[in-house]
Amino acid sequence: MAASPFASRSPSMTVASPNTLRLRAGVTDWPPRPAFTSKPLAKADQELTEQLNEDVRQKYVKDKKLGEGTYAVVFLGYLRNDPASKVAIKKIKVNAEYKDGLTMDAIREVKYLQELSHPNVIALHDVFSSKDQNLNLVLEFLPRGDLEMLIKDSDIQYGLADIKAWMGMLARGVWFCHENFVLHRDIKPNNLLIASDGEVKLADFGLARSFADPYLNMTHQVITRWYRPPELLYGRDNTPVPWTYDQISKICDAFGTPTEANWPGVSKLPNYIPTDPASIVPLQGREFFYRQFPTAGPVGADLLMAMCSLDPRNRITAVEALRHHWWTIDPRPTRNEDLPQKQKSGAKKMGDDLSRRGGQIDDGPFKNAARQLDFGAMK
Amino acid sequence: MIEDDIYRTSSQFRLWSYTEASLRSLREKTNAIASERVRAALRRAKEAHQSTTSANGTPQTGSDGEGKKMDDKEIDCLTPEEELAFVRFYCEKTLELGETYKPALPTMVRATAIQYLKRFYLTNSPMTYHPKSIMACALFLATKTDNYYMSLRQFAEGIPGKKPTTQEEVIGPEFLLMQGLRFTFDVRHPFRGLEGGIMELQAIAEGQGQPGPHLTHQTPQQLQQKLLAISPGPVRASSISDRIGRAHGTTREILKTAAQMTDAYFLYTPSQIWLSALLLADRPLAEFYLDTKLGGPLTSTDIKPDPSDLQNPLYDLRTKLLRVLTDCSALLQAYQPLSSDPGQMADLQRIAKKHHHCLNPEKKLAPKRTPAGTEASPAPASESETERLAKKRKLEAEKARSSQDIFGPELVTERTKQ
């Protein structure tokens, strides 16, 4: 049992990839010493709880602004006693529209990141409050942008080994969340940030939640729309039908139409939309996945098919995905240092990604849609 | 990676796990700092009071008694033990408050709120912040962190009392509370583990049991037979499944009460807590469960030991675990609700009276702007906080005018287009 409880999870204590951060000062925090012992009692001009917060706050220096969004302002920062170190300090904005205290996205993000310590999940080093009750999250600095940026850049060439490396890092991050009973609920390319050593990190836990306890139901109204699986689209939902239908029909065209034969019970789902028998698309086989994603190879196609099964009961879990033999066949995943990358700095991109609200797409007609739907779900 | 490794990365382990000695010393430290500050604040208040009364020339009758007492002797502060008893009373009140909602707030939410209170008062003193004002805030915060969403208005309206509780009173200390929690909101409860254990036991009872990961030689039939052969439980049950069900209920009750009010969460892990509670509820059943995981039996004489048990490599672990569980069981068993114990209640009244005289006057809401003698609001919010709330209200009013839809205006426009 931890005898010295007041160790902050300083950079040295998180299992972030060692190349990402060389925060030497963190070493002084291990073994952790209770911060309050260093304070002479006579100088107690603050309550113990305030002293502890002040100690954390004093560890960091805020530098230039990296980005600003509806949700937060992100600054570059460093450890006071190690100016060469780099961190991102995310200052959560007070949401004037939300009168019930700290907003749910901030609560979720802080709650889950405090618990998750894994090389493929963005590390939360510390949290402190600054004057006027501002919440500051000290996060791992991830300067190489996000996966969306790489996908959209037509100048960047990548092959099977690169995909395998990126997918592997994503799958490990997701597995670790699930192992800790945490559902991210907003996995998408611009929430996958890249560290200076190329490591991919799952970020933005503003929509996350724990697994429901046995016998309790969870809501369907989560995940940025475009990334939702069919069972959530068929679930209880307050959104207009045509849009849902459009997305469902796109999924059907690609993977096959859900029917009682390939997904027992699907027609009982609250928002199930029957398909005209004439236009039923048969369930797609391995060949389809191979045709669509030739780079993945036949074994990779097999993995993709297992991950995209219409019936969620047949869809493989994160740990099953990691046990698939595609990972061990040739080619081996690219080493992090050899992964393709953008030449220009992605620090601004990190600023943008971290200051955005969860469930939100950078632009487009459905901006904020997921966030507002999630509000509805909280009734 | 094993479960223990994962637990060690949790904030509950990193920040909120102690030995008995470290827990005591932390509480003493918090008490010492707060006492000093309370004394200084009361001295300042007295001086200010004296200067106003002498300037006015008319002594104020209302607060005379308090002033005299401070003249007579050094201000008598609460001891760490008294603070602990005082906070425990409000932990029990939190459980009751959660019960008054229709429907009652989930056990998990109430348990989280109680742990928030207990954690908050490790580095804050009830002499500085009255638990009465932190309690409701902790319960509301727990509804948010445990995914049981209700609006602040709905929550505030649900608080019983002669005078209605305002939304500001509930939310006022939120930031302060979060700071006291060191911005860790996750509480690992023993309930989920208990549910899993009960499911496993029921499966064994039905002949569907899975062997433990280290004792793979056990068949579902063997497990079932062993379960049916355990010594009788505390009460007569119609079937083994009924017995498991009763043990489940009793254990849950211990977890809801004793496990919350004592220091169990600070001293033991969630699995240790639920196993200890199960030992109290039905000892032979709990020991059987441990046997399926770690081998055994250790003490039983009425069951013929399995030959494989005799060289049980997990024997040391089993012995060590039993020692920890016995300690934890003793802690849980010693718990007596305050309300059902006249002795404790009388002591509590004495503490409350003493507390009244050593509550830090400077930690009430905006004391500088409150005229002397009038009662300050319990919410310890700063001036800027008050301004912020005013701004928020203004924005809300504007928002309400522009849209009545909870989904917000933007999406509504989107829908109209379609």
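What follows is a conversation about a predicted model, in which a colleague asks how particular labels were reached.

Colleague: What makes A:Lys91 partly exposed, and where in chain A is A:Lys91 found?

Modeller: A:Lys91 is found in strand S3 (residues 82–92) of chain A. A residue is buried at 20 or more other C-beta atoms within 10 Å and exposed at 12 or fewer; A:Lys91 has 17 C-beta neighbours inside 10 Å and therefore counts as partly exposed. Leaving aside residues up to four places away in sequence, A:Lys91 touches A:Ala72, A:Val73, A:Phe75, A:Asn134 and A:Asn136. UniProt lists A:Lys91 under "binding site", in an unreviewed entry, and such annotations may be inferred rather than shown by experiment.

Colleague: Why is A:Arg185 called buried, and what is the sign of its phi?

Modeller: A:Arg185 has 24 C-beta neighbours inside 10 Å, and because the cut-off for a buried residue is 20 or more, A:Arg185 counts as buried. Its phi is near 65°, a positive value in a residue other than glycine, and A:Arg185 lies in the loop between strand S6 (182–183) and strand S7 (192–194) of chain A. Most residues other than glycine have a negative phi.

Colleague: What makes A:Asp204 buried or exposed, and which loop holds A:Asp204?

Modeller: With 27 other C-beta atoms within 10 Å, set against the cut-off of 20 or more, A:Asp204 is buried. The loop that holds A:Asp204 runs between strand S8 (200–202) and strand S9 (209–210) of chain A, and A:Asp204 has a positive phi of about 60° although it is not a glycine.

Colleague: How do you know that the length of helix H2 of chain A agrees with its number of residues?

Modeller: Helix H2 (residues 104–115) of chain A has 12 residues, which at 1.5 Å a residue should span 16 Å, and since its end C-alpha atoms are 17 Å apart, the two values agree.

Colleague: What makes H2(A) mostly covered?

Modeller: In H2(A), 11 of its 12 residues are buried, among them A:Met104, A:Arg108, A:Tyr112 and A:Glu115. For chain A as a whole, buried residues make up 40% of the 379 residues.

Colleague: How do you know that strands S1 and S2 of chain A pair, and how do they run?

Modeller: Two strands pair if at least two bridges are found between them, and six bridges join strand S1 (residues 60–68) to strand S2 (residues 72–79) of chain A, which run antiparallel. As one of the bridge partners, A:Tyr78 in S2(A) is matched with A:Val61, and S1(A) and S2(A) form a hairpin with three residues between them.

Colleague: Which peptide bonds leading into A:Pro331 and B:Pro103 are cis or trans, and what is omega?

Modeller: The bond from A:Asp330 to A:Pro331 is cis, with omega near -5°, and A:Pro331 lies in the loop between helix H9 (318–322) and helix H10 (347–355) of chain A. The bond from B:Lys102 to B:Pro103 is also cis, with omega near -10°, and the place of B:Pro103 is in the loop between helix H5 (80–100) and helix H6 (107–123) of chain B.

Colleague: How confident is the predictor in chain B, and where is the pLDDT below 50?

Modeller: Chain B averages a pLDDT of 82, with 78% of the residues scoring at least 70. Over residues 59–72 of chain B the pLDDT is below 50, and this stretch has 14 contacts in the model beyond near neighbours in sequence. Residues 397–418 of chain B also have a pLDDT below 50, with 20 contacts beyond near neighbours in sequence. Where pLDDT is low, the predicted coordinates should not be read in detail.

Terms used. Residues are numbered from 1 along each chain as its sequence is written. Chains are lettered from A and ligands numbered from 1 in the order in which they are written. This is a predicted model: local features need pLDDT of at least 70, side-chain atom pairs count only at pLDDT 80 or more; totals for chains, interfaces and linings use all residues. Helices (H or I, at least four residues) and strands (E, at least two) are DSSP runs, numbered from the N terminus. The expected span of a helix is 1.5 Å times one less than its number of residues. pLDDT is the predictor's confidence in each residue, from 0 to 100. Two residues are in contact if their C-beta atoms, placed from the backbone, lie within 7 Å.
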